[in-house]
Amino acid sequence: DLSDNNLGPDGTRVLSAANLPRLEVLRLLRTRPQVDGVRALMVAGGTGGLRSLTLGENNLPPEAAAVLA
């Protein structure tokens, strides 16, 4: 649970570059990932086991939902 950390898109990109194949649940509430950070998470190769991603309370635009779809 990385909620309430001011990661922003840069921190989210760094997280997405990590090799975390056993990570199944990732909570990023109030971390300000923006669309670029969400996109980085979705194309990351090291999070292939991810089954649950929580991005609540980040004021993400509709474009972020499209990235997740």
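**Exercise 1.** How far apart are the mean positions of the positive and negative charges of the chain?

*Solution.* The model is a predicted one. Start with the counts: the chain carries 7 positive and 7 negative charges. Lys and Arg count as positive, Asp and Glu as negative. Now take the mean position of each set. The two means lie 4 Å apart.

**Exercise 2.** Work out the order of helices and strands along the chain.

*Solution.* First, list the elements: three helices and two strands. Then read along the sequence. The pattern is α-β-α-β-α.

**Exercise 3.** Does the radius of gyration agree or disagree with that of a compact globule, and why?

*Solution.* Begin with the length, 69 residues. A compact globule with 69 residues would have a radius of gyration near 11 Å. The chain has 11 Å, so the value agrees. For the extent, use the principal axes: the C-alpha atoms fill a box of roughly 30 × 25 × 20 Å.

**Exercise 4.** Find the buried residues of helix α2 and name what covers them.

*Solution.* Locate the helix: α2 spans residues 34–43. Apply the cut-off: buried means under 20% relative accessible area. Val-35, Gly-37, Val-38, Ala-40 and Leu-41 are buried. Next, look for the cover. It includes the helices α1 (8–17) and α3 (62–68), along with the strands β1 (25–27) and β2 (52–54).

**Exercise 5.** What share of the residues in the chain is buried, and what share of the accessible surface belongs to carbon and sulfur atoms?

*Solution.* Of the 69 residues, 38% are buried. Turn to the surface: the accessible area is about 4,200 Å². Carbon and sulfur atoms hold 50% of that area.

Technical notes:
Residues are numbered from 1 along each chain as its sequence is written. This is a predicted model: local features need pLDDT of at least 70, side-chain atom pairs count only at pLDDT 80 or more; totals for chains, interfaces and linings use all residues. Side-chain values use heavy atoms; hydrogens and water are left out. Helices (H or I, at least four residues) and strands (E, at least two) are DSSP runs, numbered from the N terminus. The radius of gyration is taken over C-alpha atoms; the globule rule is 2.2 Å times the number of residues to the power 0.38. Buried means under 20% relative accessible area, exposed over 50%, partly exposed in between (1.4 Å probe, protein chains only). Accessible areas come from the Shrake-Rupley method with a 1.4 Å probe; for residues, only the protein chains shown count as cover. The place of a charge is taken as NZ of Lys, CZ of Arg, CG of Asp or CD of Glu. Contact means heavy atoms within 4.5 Å.
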